[in-house]
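Colleague: I am new to reading protein models, and I would like a close look at just one part of this one. Could you pick a stretch and explain slowly what is there?

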Amino acid sequence: MKRLIERSRSVGEVLRWVTQNPGKVSASHYPIALHKLGQLLQQGQAAAGGESRGPGQVLEQPEFQTLCQAIISGCSKFDNFSIVNCLYAAAALGLPGESPLVRVLEDESRSRLGRFNQKDVSMVFSSEANNKALEAIFSSQLFYENRQERFIRSMAEWLPRKAENLTPYTMALIAKYVARHRLREPRLLDTIANFLLKRGEQLDSKVIQKLVFPFSRMNYRPSNHSELFPKLEAILEQKAGTSPLATVNILMSMFQLSHFPQTVLHQVFSPAFITNVMSIPYALIVRRYLSLLDAAVELEFRDYGGPRLDPRYRVLMFEHALTADEANRKYSYKGLVAEALRQLVGEECYRQDEVLPPGYCTDFLLWINRSGTVLPLSRVPAASKAPSAHPTASPAAVSLRSSVLALTSDLQDFAPVVLSVNDKWHYCQNSDILVGSRAMRDRHLRLLGYCLVQV
């Protein structure tokens with residue numbers, strides 16, 4: 001049966017083999033049939049000079065409905081390999097995500113997720129996929145919920161060649177997935193950046209916001225940033241008022257990547273922009289993000305002399321001071337920051353959950369020299385230990401240990417306050433909060449992507 005399906009020369013021939021011989025068709029034959037249908041449709045499209053011959057024509061045939069119903073009825077008895085192959089084949093065929101076949105396959109895959117091995121999952125996402133297939137894959141909840149590094153690495157090799165044929169919606173789905181799972185694949189990120197550079201004027205602010213987000217989330221400056229950032233700035237100057245929340249989010253991303261669009265800041269802090277914000281349904285959310293942006297201006301853009309957010313429009317990020325338990329339960333990004341530090345600076349260059357005398361509990365402890373270099377802490381003893389406890393320590397370790405003790409002394413000059421790594425600029429909601437020197441605070445701020453140590 002497998003050979004007969006693979007040798008078929010038309011859609012009708014495939015459907016006849018599968019539907020007229022139900023006793024000879026096993027679970028493994030269904031994905032083969034779906035794959036073959038996809039290949040034949042693509043060949044037919046090429047022969048027709050590019051005219052669309054999508055899955056709609058196939059869906060109309062009773063034999064195809066019979067094939068789909070057979071898969072739907074029997075998929076609960078399929079093995080994992082057949083399930084994931086059917087799901088991928090359906091995506092490659094271009095079936096819409098709301099079709100009964102795709103919905104049933106996704107539901108069955110989701111229910112088996114705990115029993116899938118890596119090969120089972122990766123098989124769904126391992127081919128040279130087209131625009132429709134990519135859209136179906138990245139819209140799949142099963143795919144979205146799981147980190148597929150093998151597929152992303154493979155896609156980074158061929159996506160640059162296909163990017164021009166992708167829709168902004170598909171590229172936004174890819175960017176959303178990359179950001180969610182923090183997949184630091186430079187080739188893929190640069191492809192998104194090039195897409196933005198070439199088609200930025202045609203996109204609305206909401207789409208641009210989604211495409212920019214992966215860069216700020218991973219503190220990655222794309223290779224074309226010297227061209228891309230000025231272009232984004234020019235686009236925002238024209239479209240700042242069309243989607244206020246998207247505009248502010250883009251600005252926040254650019255700030256995190258050390259680009260400060262002064263002209264756009266003049267706009268978003270202007271009375272006209274604020275008046276526009278006050279009239280939209282999600283005014284409170286925009287005001288909250290404007291408050292964060294205003295705090296970022298104070299910390300990051302010291303040379304800025306333009307308008308700032310009127311104090312009467314400032315909103316606290318959180319309605320009340322959070323206890324440590326509340327922060328960890330509702331808003332903590334501590335685990336994500338730990339993973340980011342592990343990837344960015346290595347396990348030798350930071351410590352987690354250190355206690356500094358006289359009792360300051362830190363989420364993360366790093367040491368950074370005046371040039372901004374993160375120094376290794378692996379050989380530096382805990383700050384609570386006296387220097388004499390390690391008489392054979394190297395001069396570098398002694399120097400670092402002295403610096404850590406100096407930091408401890410510096411911290412004792414401040415009243416204990418609760419800061420957490422839970423959100424960007426959260427600690428800025430009270431302007432009188434200081435942690436060590438201002439320069440030290442700013443270095444930590446930039447290093448952790450606006451997430452600070454907890455003291």
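Modeller: Happily; what follows is a walk along one stretch of the chain, piece by piece.

Before we start, please keep in mind that this is a predicted model, in which local features need pLDDT of at least 70 and side-chain atom pairs count only at pLDDT 80 or more, while totals for chains, interfaces and linings use all residues. Residue numbers run from 1 along each chain as its sequence is written, and side-chain values use heavy atoms, with hydrogens and water left out.

Let us begin at helix 12, residues 168–181. When I say helix, I mean a DSSP run of H or I with at least four residues, while a strand would be a run of E with at least two, and both are numbered from the N terminus. K176 sits in helix 12. Its relative accessibility is 47%, so K176 counts as partly exposed. The cut-offs behind such words are simple: buried is under 20% relative accessible area, exposed is over 50%, and partly exposed is in between, using a 1.4 Å probe and protein chains only. The areas themselves come from the Shrake-Rupley method with that 1.4 Å probe, and for residues only the protein chains shown count as cover.

K176 has some company at the surface: together with R180, K206 and K210 it makes up a positive patch. Two elements, helix 12 and helix 14 (205–217), each give two or more residues to this patch. To belong to a patch, a residue needs over 30% relative accessible area and no salt bridge; like charges are joined within 9 Å, and nonpolar side chains (Val, Leu, Ile, Met, Phe, Trp, Tyr) within 5 Å. Lys and Arg count as positive and Asp and Glu as negative, with His and the chain ends not counted. Each charge is placed at NZ of Lys, CZ of Arg, CG of Asp or CD of Glu.

Next comes the loop between helix 12 and helix 13 (186–199), where you will find R182. R182 counts as buried because its relative accessible area is 17%. Its backbone deserves a second glance too, since R182 has a positive phi of about 50 degrees although it is not a glycine. As background, a negative phi is what most residues other than glycine have.

Now for some charged pairs. The whole structure holds 9 salt bridges, a salt bridge being a side-chain nitrogen of Lys or Arg within 4 Å of a carboxyl oxygen of Asp or Glu. One of the pairs in our stretch joins E185 and R187, whose closest N and O atoms are 3.0 Å apart. The two partners do not sit alike: E185 is buried at 12% relative accessibility, whereas R187 is partly exposed at 40%.

Another pair is E201 with K231, whose side chains meet in a salt bridge of 3.1 Å, N to O. E201 belongs to the loop between helix 13 and helix 14, and K231 to helix 15 (residues 225–239), so this pair ties together parts that are 30 residues apart in sequence. E201 counts as partly exposed because its relative accessible area is 49%.

Moving on, N219 lies in the loop between helix 14 and helix 15. N219 has a relative accessible area of 25%, so it is partly exposed. It helps to look across at S258, which is 39 residues away along the chain; the C-alpha atoms of N219 and S258 are separated by 9.6 Å.

Where is S258, then? It sits in the loop between helix 16 and helix 17 (262–268). S258 is partly exposed, because its relative accessibility is 43%. Like R182, which has a positive phi of about 50 degrees, S258 is a residue other than glycine with a positive phi, here about 65 degrees.

Our last stop is helix 16, residues 244–256, which contains I250. With a relative accessibility of 1%, I250 counts as buried. I250 also shows how the fold brings distant positions together: I208 is 42 residues from it in sequence, yet the two are 7.7 Å apart in space, C-alpha to C-alpha.

If you trace the stretch again on your own, three places are good to revisit: the positive patch with K176, R180, K206 and K210, the salt bridge between E201 and K231, and the buried I250 in its helix.
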